[in-house]
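Work through the exercises below with the coordinates open. Try each task before reading its solution.

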Amino acid sequence: MPEQDYNFDSIEQKWQKIWAEREIDKCEIIEGKQKYYLLEMFPYPSGRLHMGHVRNYTIGDLMSRFMRMKGYNVFHPIGWDSFGLPAENAAIKNNIPPATWTEDNIANMKKQLVRMGFSYDWRREITTFDRDYYRWNQWMFLKMMERGLVYKKKSSVNWCPQCQTVLANEQAENGICWRCESTVEEKHLEQWFFKITAYAEDLLAGHETLKGNWPEQVITMQRNWIGRSTGLRINFAFDTGEDFPIYTTRPDTVYGVTFMVIAPEHPILDRVKDRAVREFIERIKRQSSADRVSDEMEKEGIDSGLRIVNPFTGDVVPLYVGNFVLMEYGTGAIMAVPAHDTRDFAFAKKYGIPVKLVIDNPDKPIRVAEMEDAYIEDGVCVDSGPFTGIKNREAIEKISDYAVQKGFGVRETNYRLRDWGISRQRYWGCPIPVIYCDKCGTVPVPEKDLPVELPLQVDFHGDSRSPLGQMEEFLNVPCPVCGGRARRETETMDTFVDSSWYFAKFTSPKSKEMFDKKEVNYWMPVDHYIGGIEHAVLHLLYARFFNMVMHDMGLVPNREPFTRLLTQGMVIKDGAKMSKSKGNVVDPDDIIKKYGADTARLFMLFASPPQKDLDWSDKGVEGSFRFLGRVWRFVTKHAEKYTANRAIDGAALPASLTALRGELHRTVMIVTGDIAERMQFNTAIARMMELTNALYQTDENKLETPQGKEVLSEVFEKLLTMLFPFSPHIAEELWQMLGNTTLLAESTWPSYEEKLTVRQMVEVVFQVNGKIRAKEMASPSLTKEDLEAMAMAHERIKESITGKQVRKVIVIPGKLVNIVAG
């Protein structure tokens, strides 16, 4: 059969049309069939796909197609995380409604996703700015309020001056806005909060069920962010007798307290009138929390003039105001033990505060006068009252018991995690369902009045202020309780609320209830979730919290939303993550136009293991294209040899065809494991490339024989079926070209015969002084002595060592024999 041109554009569009018409990707409940819910983190509709999107969705599509071929009932939906700042900023800049901008972007990106051949069930598409979606955000807000999981308070918040909105702590790590990378400021505002701290222990306990299926790095990041610690709450006291509680994880050092430090925001400081202290307090309060706790920030303090009594010793110590203590952690104050804390030691030296040693090195006693830094290792308690002489780790429990017994201490568990501030001072988000009435106070919107609809036609007046507060028709409403004049909340929800439960809504996007019980119970949880590690303490933590709340409400069947997690690396070009600002973006449309979607997909899977960053390479893309071209040329050249009905007699095959069958079955075994177990897609592709090389190296005369045609047919079937999840269009076209009337999209994954995966013969290299002189096929069971004798008998080896003395023979069974002669 003459070779045909590989016209990827027409081939890809042809098969996308056929799959759509056949509804190949339709997801329905099939009782008795094991389901597999595969989901990639849904995209923000920014306008165009970037290569980070393409990588994420290609990985998901490969797994979706593979699991379907393995016999699972695969669920693979897609939707749009469509609220957020970019749409609002674009609307202000271009004077168009955010809804219009967002809808246009969704239409464009949907075309791109379809053109990539991704196997989504588009019937289940959801869009978070749809009123029928965000009404359930509001419903959950009300239900969580009923359960004591929603509250409002004035608090110190992270304020991004560029985005003009509040950020949750998780969105302002290290004092930088997660979206625009601006430096975050601190403000004091009334804010709505979700009480995620009520689920701190549940979130930590859930990690035990996720072990082995989630990356350890993500679990560690979440654990550190939650920051559980067990310690002792000690009631120190002012010298006037008033309680002054602090929390410590190191009660073994309490006898070494020489000063205390309090946060400048602490209300107790209102009684301090000293001018210098007031000026210090106001100056420090203007600094951001991130700067104050940064290792780079100089630790500052001032003596407040107040004095504190240590209940263990009776010592009276000064209370300093310090820039490194935050009101939101613990009690807003700490005990300071400079002998055993590096920060406290530096602070004490700076301000001339005494240092008192209470844990000594048993092997090399410490002299306080000679200390250049704190002693932070374990040791033996000294100068510690009744606990002197015992190991400090033992003293932690004994001192805690003593404090509890005496009534001035309580064991306590604390968390670094803070409640999730969800108020945003922007327009393009889900309205918070609350009404303010001068008579009735804060009133939840009745469920029957949901959703509180976001007006879509708005005027931004040329700035970034939310227009909701200026829209009388939105703002002014009757109070649901008394019927009097009232006003709506004008702040909107953090867009991470939208993405904290979308995965469950996919199961029943058209349901009149939040979820269809039968659908959600069948499909949930997500079996395999794919997305970036940058969401480890943002989306992934919020989604786990939300799912636990929904589980407690009886809405979902599972405690954890995502059974298995893959965090894919970034796409890097010219040493940096692809971004418009760096000018290193590669447009997927350009790659598709030049090489086709199958090549783009193959390169994204081949260039790097999925968990690692991928370095963009134009040559790598061309290499992937050449490989598909090699497969295309070989199959089209030999297509007429294909026979679907065959009965291969392995025992009667010549050695070359036996070797080819062995390569084939080993390839199926390795590729299956690389996908299902190891998720090493790059090595799976490399293995298929090796099989293709073996095809080209097989004697064509052997392929012309009846036996050769049978073996070749088997290779074609298994190779194209394996290639299908990676590059589905070319595989489907070649499959049809062979005369098949079925679709690979509806085929099963190829099997392999275990006995054929064992190498019958291996290639052994014969070297003389490290230089290759010959190669021979040999049984892998040959001993070192057998291989050495085989090498010595080879004519080319004899020629190479004639007249030389053999000094050493190095044998690596199954690989090489190296003869050292001179």
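The exercises cover helix packing, strand pairing and burial in a predicted model.

**Exercise 1. Classify the packing of α20 and α22.**
Which angle and distance describe the pair, and what orientation follows?

Solution.
- Step 1: Locate the helices. Helix α20 spans residues 681-697, and helix α22 spans residues 706-723.
- Step 2: Take the geometry. The angle is about 155°, and the axes are 11 Å apart.
- Step 3: Apply the cut-off. Angles over 145 degrees count as roughly antiparallel, so α20 is roughly antiparallel to α22.
- Step 4: Add the hand. The crossing of α20 and α22 is left-handed.
- Step 5: List the contact. α20 supplies M688, L691, T692 and L695; α22 supplies L712, V715, L719, M722 and L723.
- Step 6: Sort these residues by class. Eight are nonpolar, one is polar and none is charged.

**Exercise 2. Do the same for α1 and α23.**
How are the two axes oriented, and which residues make the contact?

Solution.
- Step 1: Locate the helices. Helix α1 covers residues 8-22, and helix α23 covers residues 728-737.
- Step 2: Take the geometry. The axes come within 9 Å and cross at roughly 85°.
- Step 3: Apply the cut-off. The range 65 to 115 degrees counts as roughly perpendicular, and α1 and α23 are therefore roughly perpendicular to each other.
- Step 4: List the contact. From α1 come I11, E12, K14, W15, Q16 and W19. From α23 come P728, H729, I730, E732, E733 and Q736.
- Step 5: Sort by class. The contact of α1 with α23 has five nonpolar, three polar and four charged residues.

**Exercise 3. Lay out the sheet that contains β29.**
What is the strand order, and which strands stand at the edges?

Solution.
- Step 1: Write the order. Four strands form an open sheet, β30-β29-β32-β31, with mixed pairing.
- Step 2: Find the edges. β30 (771-778) and β31 (806-812) each have a single partner strand, so one side of each lacks a neighbour in the sheet.
- Step 3: Note the twist. The average is 15° from one strand to the next.
- Step 4: Check one pair. β29 (residues 762-768) and β32 (residues 816-821) run parallel and are joined by four bridges. F766 has V817 in β32 as its bridge partner.
- Step 5: Place the helix. Helix α25 (residues 784-792) lies across β29, β30, β31 and β32, at about 125° to β31.

**Exercise 4. Describe the hairpin of β19 and β20.**
How many residues connect the two strands?

Solution.
- Step 1: Take the direction. β19 (residues 434-437) and β20 (residues 441-444) run antiparallel, with four bridges between them.
- Step 2: Pick a pair. V434 stands opposite P444 of β20.
- Step 3: Read the connection. Three residues make the hairpin link from β19 to β20.

**Exercise 5. Judge burial in a loop and in a helix.**
Is Q287 buried or exposed? Which residues of α3 are buried?

Solution.
- Step 1: Place Q287. This residue sits in the loop between α8 (275-285) and α9 (289-293).
- Step 2: Compare with the cut-off. Buried means under 20% relative accessible area; Q287 has 16%, so Q287 counts as buried.
- Step 3: Name its partners. Beyond neighbours within four places in sequence, Q287 contacts E186, R292, M297, E300 and N323.
- Step 4: Turn to helix α3 (residues 85-94). L85, A87, E88, A90 and A91 are its buried residues. They pack against α4 (98-115) and β6 (165-167).
- Step 5: Look just past the helix. N95, just after α3, takes a positive phi of about 60°.

How values were computed
Residues are numbered from 1 along each chain as its sequence is written. This is a predicted model: local features need pLDDT of at least 70, side-chain atom pairs count only at pLDDT 80 or more; totals for chains, interfaces and linings use all residues. Side-chain values use heavy atoms; hydrogens and water are left out. Buried means under 20% relative accessible area, exposed over 50%, partly exposed in between (1.4 Å probe, protein chains only). Contact means heavy atoms within 4.5 Å. Two strands pair if DSSP finds at least two bridges between them. Axes are lines fitted to C-alpha atoms, for helices over the stretch in contact, and angles run from 0 to 180 degrees between N-to-C directions. Angles under 35 degrees count as roughly parallel, over 145 as roughly antiparallel, 65 to 115 as roughly perpendicular and the rest as oblique. A crossing is left-handed if the near helix is turned anticlockwise from the far one by less than a right angle, and right-handed if clockwise. Ala, Val, Leu, Ile, Met, Phe, Trp, Tyr, Cys and Pro count as nonpolar, Asp, Glu, Lys and Arg as charged, and the others, Gly among them, as polar.
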